[in-house]
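Student: I've got a model open and I'd like to learn how to read it feature by feature. Can we go through it together?

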Amino acid sequence: MRKDYKLEKRKYVIGGFILLIALIYVGRLFDLQINDERYKKSADTNAFLRKTVYPSRGLMYDRDGRLVVYNQPAYDVMLIPRDVQPFDTLDFCNTLNITPDQLRKRFADMRDKRLNPGYSSYTPQRLLAQLSTEDYGRLQEKLYRFPGFYIQKRILRQYNYAAAANVLGNLREVSQTDIDNDPYYSPGDYCGDLGVERSYEEYLRGIKGVEILIRDSRGRIQGRYDGGAHDIAPVSGRDLTLSIDIELQEYAERLMAGKRGAVVAIEPETGEILCLVSSPTYDPRLLVGRHRGESYKDLVNDPSLPLFDRALGGAYPPGSTFKPTQGLILLQEGIITTATTYPCHGGYVNGGLRVGCHAHGSPLPLKPALQTSCNAFFCWGFKAMIDRRGKYGNPANAFEIWKKHLVSMGYGYALGVDLPHESRGFLPNAKFYNKFYGEGHWSANTVISVAIGQGEILATPLQIANLAATIANRGWFITPHAVKAIQDTVMPPKYSEHRRPTIDLKWYPEVAEGMRMAVTGGTCRRAAIPGIDVAGKTGTAQNPHGRDHSAFMGFAPYDNPKIAVAVYVENGGFGAVYGVPIGSLVMEKYLCDSIHPSRQYMEDQMISTSLPYSNAKR
């Protein structure tokens with residue numbers, strides 16, 4: 001009997017079709033039961049309520065054990081949308097001091113997946129954040145009237161001092177990017193924003209816990225599931241000991257009130273930052289509570305830019321505070337000895353080029369040049385190096401060596417401080433000038449202003465303070481850091497390792513002595529502190545947008561340095577007018593805990609003086 005091949009083929013087609021349908025069903029069942037958690041969540045939430053228990057965030061103490069940042073409870077109104085039953089909205093609104101329109105908007109925002117990408121009717125959602133204690137108390141009494149709602153306890157920050165906002169940072173609600181990048185976070189969580197809160201977030205935040213509550217058939221909480229046997233206790237965050245002296249920080253902020261600029265003080269031996277002032281500043285307590293958003297908006301729109309950390313992010317021409325680096329480089333490269341002199345006839349005059357200077361003796365060797373802040377000496381020295389073709393071949397090669405030494409001293413790149421948003425400043429290289437002037441078409445005279453910390457050179461107050469610390473140590477520094485210790489944790493090695501510039505140690509005492517002479521009988525005489533030997537260097541940085549900037553760097557005591565400081569006052573004029581007295585007062589306050597009666601007039605003058613702003617270049 002002949003086979004019916006068409007029927008035979010049809011059998012396979014029908015079988016394949018049945019198999020395909022079966023595979024689709026199996027795949028769909030697998031997706032529903034394994035991949036799709038909606039039904040699992042629905043089943044779980046019928047019987048259980050999993051409540052996140054937030055850990056206590058790590059506390060912050062200053063270097064002397066004073067409590068600076070601590071925690072206070074906050075309460076969020078949470079709900080599981082599918083569990084919410086019709087309720088008296090007017091009573092609800094009156095209890096929480098909000099209007100029905102505000103309540104409707106909050107519900108709408110909560111359900112808007114553009115604003116709340118993690119929205120699910122099966123999972124807890126936040127309706128209102130950070131209730132006041134009074135609102136919390138009223139709602140707690142009436143909570144039984146509002147099925148589906150519950151209160152979530154959280155931790156907010158509070159501050160014992162209205163100071164160091166730029167160092168401490170604050171907390172903000174996590175963004176979707178934060179959630180995507182770190183599985184620790186869920187919508188409505190908070191994380192560190194700016195300062196130490198951000199840099200040390202993983203240490204401070206701790207580990208969340210979970211509390212599992214059991215429901216009855218009507219969704220009412222009946223207590224802990226299995227007596228709490230499956231709960232997970234939260235782990236508190238680690239406490240931090242800051243290197244900051246909070247009282248010194250407060251004092252330096254008072255001295256800078258009404259001015260724009262920065263003060264940075266470092267303990268040379270350890271690299272620990274004693275104070276880090278950015279002025280104008282703000283009270284960190286402004287960014288706590290339900291009005292945080294409004295306060296943050298006001299700070300962002302403030303034309304004085306209080307949120308901008310001038311100590312770390314401000315890139316300024318260093319002016320004459322840069323001259324010690326030039327002396328070190330010239331000595332290292334053999335361009336000068338300590339006896340080499342250069343003339344100063346009212347400034348540096350070479351051909352048609354003139355760089356002015358003030359009246360003092362001439363010719364001068366290095367130490368008196370630092371003492372009097374002679375522009376001509378460092379211009380002649382720079383020219384002698386950059387144009388020495390017999391040694392370097394051409395100005396570009398010499399310039400690269402010059403820059404290499406500066407980079408080793410902490411200029412041109414971020415130092416690596418343990419705080420966010422550190423600027424690298426700016427150091428030009430030979431390619432920069434080749435592009436601007438043409439290869440082979442520039443020399444020392446073309447870029448002579450960089451020899452005295454002007455022109456294209458930009459540095460942060462932190463970098464200037466670090467130079468002071470390096471000279472105080474006579475040739476080494478430790479990466480500056482604002483945290484001294486982490487509870488039960490070893491600090492990263494880079495905050496204890498010595499970093500040595502490319503300058504031989506033997507040259508640092510020569511430059512240090514020149515800075516000491518500047519205080520005993522030079523441009524830094526106002527820095528002298530009764531009973532303490534101080535070394536310093538003024539800086540008057542030209543500002544094409546207005547009045548010159550006033551700068552200072554120094555350290556004390558001279559033979560056993562405990563503090564190195566840099567001050568930068570925008571539009572402050574000569575360095576001796578504001579930079580020197582503020583820096584000197586900060587050193588005296590730290591070393592002596594009080595100001596000598598003979599210098600209290602200076603303290604009063606600095607605290608009471610405000611400076612007009614003239615769009616100074618940052």
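**Reading the model, feature by feature**

Tutor: Sure, let's start with a helix: the buried residues of α22 are covered by parts that include α10 (246-255) and α21 (579-592). Keep in mind that this is a predicted model.

Student: Which residues are buried in helix α22?

Tutor: The general idea comes first: an α-helix has 3.6 residues a turn, so residues three or four places apart point the same way. Now the case here: in α22, which spans residues 600-608, the buried ones are M602, E603 and M606. They sit on the same side of α22, because the arc they cover around the axis is only 100°.

Student: OK, on to strands. How many bridges pair β2 with β3, and in which sense?

Tutor: Two bridges, in the antiparallel sense, between β2 (residues 60-61) and β3 (residues 67-79). One partnership you can look up is M60 with V69 of β3. The two strands form a hairpin with five residues between them. Check the turn too: G65 has a positive phi there, about 85°.

Student: Which other strands does β3 pair with?

Tutor: Strand β5 (residues 149-159) pairs with β3 in the antiparallel sense over eleven bridges. There, D76 has Q152 of β5 as its bridge partner. Strand β4 (residues 125-131) is antiparallel to β3 as well, over four bridges. For that pairing, go to L79, whose partner in β4 is Q125, and to V77, whose partner is L128.

Student: Is β4 largely enclosed or open?

Tutor: Largely enclosed by the rest of the structure, because five of its seven residues are buried.

Student: Now charges. How many salt bridges does the structure hold?

Tutor: The general idea: side chains of opposite charge can pair when their charged atoms come close. This structure holds 34 salt bridges. Take R63 and E267, whose closest N and O atoms are 3.6 Å apart. This pair links distant parts of the chain, 204 residues apart: R63 is in the loop between β2 and β3, and E267 is in strand β11 (residues 261-267).

Student: Why do R63 and E267 count as buried?

Tutor: The cut-off is under 20% relative accessible area. R63 is buried because its value is 16%, and E267 counts as buried because its value is 14%.

Student: Which other salt bridge ties together parts that are well separated in sequence, 146 residues apart?

Tutor: Try E513 and K367, whose side chains meet at 3.1 Å, N to O. E513 is in helix α20 (residues 508-521) and K367 in helix α14 (residues 366-372), so the pair ties together parts 146 residues apart in sequence. E513 is partly exposed at 34%, whereas K367 counts as buried at 18%.

Student: And what about D83 and R82?

Tutor: They form a salt bridge as well, with the closest N and O atoms 3.4 Å apart. D83 counts as buried at 15% relative accessibility, while R82 counts as partly exposed at 34%.

Student: Which residues are linked in a network of salt bridges?

Tutor: D76, R126, R154, E173, D189 and K208. You've already met D76: its bridge partner in β5 is Q152.

Student: Last one: which residues make the nonpolar surface patch?

Tutor: F17, I21 and Y25 make it, and the patch is about 340 Å². Y25 is found in helix α1 (residues 5-35), and it counts as exposed at 58% relative accessibility.

Key. Residues are numbered from 1 along each chain as its sequence is written. This is a predicted model: local features need pLDDT of at least 70, side-chain atom pairs count only at pLDDT 80 or more; totals for chains, interfaces and linings use all residues. Side-chain values use heavy atoms; hydrogens and water are left out. Patches are made of residues with over 30% relative accessible area and no salt bridge: like charges are joined within 9 Å, nonpolar side chains (Val, Leu, Ile, Met, Phe, Trp, Tyr) within 5 Å. Accessible areas come from the Shrake-Rupley method with a 1.4 Å probe; for residues, only the protein chains shown count as cover. A salt bridge is a side-chain nitrogen of Lys or Arg within 4 Å of a carboxyl oxygen of Asp or Glu. Buried means under 20% relative accessible area, exposed over 50%, partly exposed in between (1.4 Å probe, protein chains only). The arc is that of the directions from the helix axis to the C-beta atoms. Contact means heavy atoms within 4.5 Å. Two strands pair if DSSP finds at least two bridges between them.
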